[in-house]
Each structure stands twice: as structure tokens, then as C-alpha cells.
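Here is a short briefing on one protein chain. Please keep the sequence and the model side by side while reading.

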Amino acid sequence: MARAENINPDILIWARMSAGMSIEDAADRLGLTSSVQASAFEKLAEFESGHKFPTRTQLARLAAVYRRPLIAFYMKQPPEQGQRGEDFRTLPGAASARENAMLDALLRDIRARQEMVKSLLEDEEETRSLAFVASASMNDGVHAVAKKIADALHFSPTEQRGRTRSPDDLFRELRNRTEQAGVFVLLIGDLGSHHSAISERVFRGFAIADKTAPFVVINDQDSRSARSFTLMHELAHIWLGETGVSGGPDTTAPMTWGGRVEQFCNDVAGELLLPADIFKQQPEDLRGDNKESASRLIQALAAAWSVSEPMVAFKFHRLGWITPIVFRELNQDYAARWQSLKQREKEKAKEREGGPSYYTVKQFKLGNALLDVVGRTLRNNDLTHTKAAKVLGVKPSSVDPLLRRLEVSRGAFSPDLRR
């Protein structure tokens, strides 16, 4: 069988690592079989060392598994690392090289899908540039930028208190308002399967500040109660015109420009969900150096405003109402609680039958705005099913059932994804 002997083995290493796979994972996904002479791992290692070359069939399989066009394997040298935009994460070193490679693979996929959506929108005569993208600056101040976003979403933060609803309800409302304003909101936290899940420690959100097709991606591996804060944080990035990837809040004072942007966007998100008017005076029963005292008040305030406890703790920290030590300890408690809950829900999922269908879950994660664009361009014959599948990140056979699901529900149902 003919072998691809004109392949630079460095390309094979680059393609695997940029797909976020270890050599063991890749050998398994590629379906390489062990033999008396060599294990599957050793066979792939031989390709990557240049001692042997893959067959044409194996090369096609490599392209499919690594999510690369076949022609990419014939490049002379690996390209430079794909752009994340600005890396606003204050603790990017907390992620391993493999985790960051998986993140790059995800962001590369999101950027490709966003470019296709932008192209589709530009072909529509009524498409207009969105004036709010890059319309603000940090010099405007937190309150002013928060007000601009609230006005664009027709959302009043002060009217939220006391409304009986869950954090899911708040997120659903904010997402609908955001998509109506022209921003696509997706929930994605893996490369297509739970085996490639990317932890919230690696990234919380990603914003593409494009005037035609702005995108917000929220890591769905994070807690459900954190989604509203991440959405508002990424919208602040879009209003500032700053494309990039974000992590969790940090307790230390920002020392870089990117760190200052992150802190500003965190403060804008905090103002939108917990306006400053409710923090005029520190509660008398709050002891800033006592974790238990702070935890009780944080829990009550989070319930009253349908937000997460980590977000309230962050607000308390920014106001100086709790010490940095208490803030860190609370965050450790919240993170441990979330990991424990995820593990319990995984175990329950194995036991129970039924639950939301694949298409219901996909609709929720992709968002109605993206499905609407795909649906109408398909009807107008401006898009093929193959390209529609690439935009949605699904198989071509799943496109029509997804669009039928949208027509039936029109977003009336938000599935319980147990997060």
C-alpha cells in the first residue's frame, strides 16, 4: 500500500498536540492495532519520529481525528500557534500544555464557525454593522459601560431582586436578550465528546468582538449558576472591542494590561447582576475575617438575586468586605462543592433512563440565534447541508432534525443538563 513519504513528521506531532491529544489518546482514536512487532502507541510514535510513514488511508484517518484538512499534512513546517485573541486569563499557567492545546483546538473551531456565520450574514442585504461592538472604553468607567450594556439588552438590574426564579431562569432571560441584540451565545466546553472536556480551570469564556457576527462562548463544564456572570463578562469584552479568552477572577491586583481588562469586565458583570446601590453599607453582622459569617450572608444574597455564591463572594472581596484569605477559602469550598456535585450527577446519569434528547441538548447549547441563521440560509439555498453541519458542529444528518426541533419549540424548553 502506498505511503505518504513526503510528510514532515513534525506536522504529525503538531496536528496531534493542537488537537489536544496525548500520543496514547491519539493511537486509540486512530484505531491503530497492536501487533507482535509493535503496540498501537509505538506505531504512532514511529510515524512521529519519521522512522515509518503512514499509508494514504492512515493519513486520511489522521486528518479526520485531528480535525485538519488533508492538505495541511503536506505543509513544509508546522504553522505558528493559532491565535486565541488576547489571553486575558490571569492564571494561564494553571493549565497544562495539553489542556492549552485542547483550548486552542476549540477556539480554532469556534473561529472557523464564526467566520462562516459572518460570511452568511454579509450576503444578506439587510445585515447591518452592530454599533455597540467596540463602542466603550475602560475610561468610561464601570457604571457607564454596565449601563450601555443594560440599555442595549433592555435589562434593568435593579428590578431583579426578589423575583422568584432560579439562576437558570436568569441566564435564559439574559441569553435571549443578548441574542436579540445580535450576539450569538454558545455553550461549549469540549471537542465533541465528554472525553475531550475542558475544565473551567482552563477557561470560563471566549468573546469574538466582530461587528457583524459577535460570538460569546461559555464553558458548559462550569456551574450553571456561573453562566450569567460569564455571559455579562464576555459582553463587556465585546463592548470594549476586545477579542480573547477569559478565566476566573483573581485575588491579586492586576499587573498587566490584560489583567486590568479582566478586572474591569468582572466589575462590569458584577454591576449588571448585583448593582452598587445594594452595597451602600456593609452589613453589621458581616465579619470579614470569618468565613462562616461571610458564607451565610453570601448564600442569602445569591438566592435573592438568582446568582452564584462565588459571584457574591467576588463582589464582597472587591468591596473589601472580606479578606483575601477568606475569599480564597470560600472559592476553594465552592470549587470542591461543584466538583463533588458533578461527580454525583455523573453517577446518577448512569443509573437513570430518559432525560432530554440529543437534539434538545444541542439546541440549548448552540442557541436559537445560530440555528435561525442556518435555517433561513438553507431555505434560501445559500448554504449546503455539509456547510450547515460545520457551522453547527454536528453531522450533516443531524441538521434537519435540529431545525425541526427549533421550529417545534422555539426555545420554550431549557433542558436540565444537571449543572
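Asn8 is buried, because its relative accessible area is 17% and the limit for buried is under 20%. The model is predicted, and the values below are computed from it. Asn8 comes first, then three further residues, then the whole chain.

**Asn8**
- Asn8 sits in the segment before helix H1, which covers residues 9-18.
- The Asn8 side chain reaches into the start of that stretch: the backbone nitrogen of Asp10 is 2.9 Å away.
- Beyond four places in sequence, the contacts of Asn8 are Met75, Lys76 and Gln77.

**Met116**
- Met116 belongs to helix H5, residues 97-122.
- Met116 is partly exposed, because its relative accessibility is 25% and that class lies between the 20% and 50% limits.
- Its contacts outside the four-place window are Lys387, Lys390 and Val391.
- Ala336 lies 220 residues from Met116 in sequence, and the C-alpha to C-alpha distance is 39 Å.

**Two residues with positive phi**
- Most residues other than glycine have a negative phi.
- His154 has phi near 55 degrees, a positive value, and is not a glycine.
- His154 lies in the loop between helix H6 (142-153) and helix H7 (167-181).
- Is His154 buried or exposed? His154 is exposed, because its relative accessibility is 66% and exposed means over 50%.
- Ser306 also has a positive phi, about 60 degrees, without being a glycine.
- Ser306 is in the loop between helix H10 (291-305) and helix H11 (309-319).
- Ser306 counts as buried, because its relative accessibility is 3% and the limit is under 20%.

**Overall fold**
- The protein contains 16 helices and 5 strands.
- Its radius of gyration is 23 Å, which agrees with the value near 22 Å for a compact globule of 419 residues.
- The C-alpha trace spans about 80 × 50 × 50 Å along the principal axes.
- Buried residues make up 49% of the 419.
- Take the contacts between residues at least 6 apart in sequence: 74% of them join residues at least 24 apart.

**Surface and charge**
- The exposed area is about 20600 Å², and carbon and sulfur atoms supply 50% of it.
- There are 58 positive and 55 negative side chains.
- The centres of these two charge sets lie 3 Å apart.

Note on methods: Residues numbered from 1 in each chain as written. Predicted model: local features only at pLDDT ≥ 70, side-chain atom pairs only at ≥ 80, totals over all residues. Heavy atoms only, no water. Helix = DSSP H or I, 4+ residues; strand = E, 2+ residues; numbered from the N terminus. Buried < 20%, exposed > 50% of the residue type's maximum accessible area, 1.4 Å probe, protein only. Polar contact = N/O pair within 3.5 Å; in protein donor to acceptor, adjacent residues only side chain to side chain. Contact = heavy atoms within 4.5 Å. Rg over C-alpha atoms; globule rule 2.2 N^0.38 Å. Areas by Shrake-Rupley, 256 points an atom, 1.4 Å probe, with all protein chains shown as cover. Lys, Arg positive; Asp, Glu negative; His and termini not counted. Charge placed at Lys NZ, Arg CZ, Asp CG, Glu CD.
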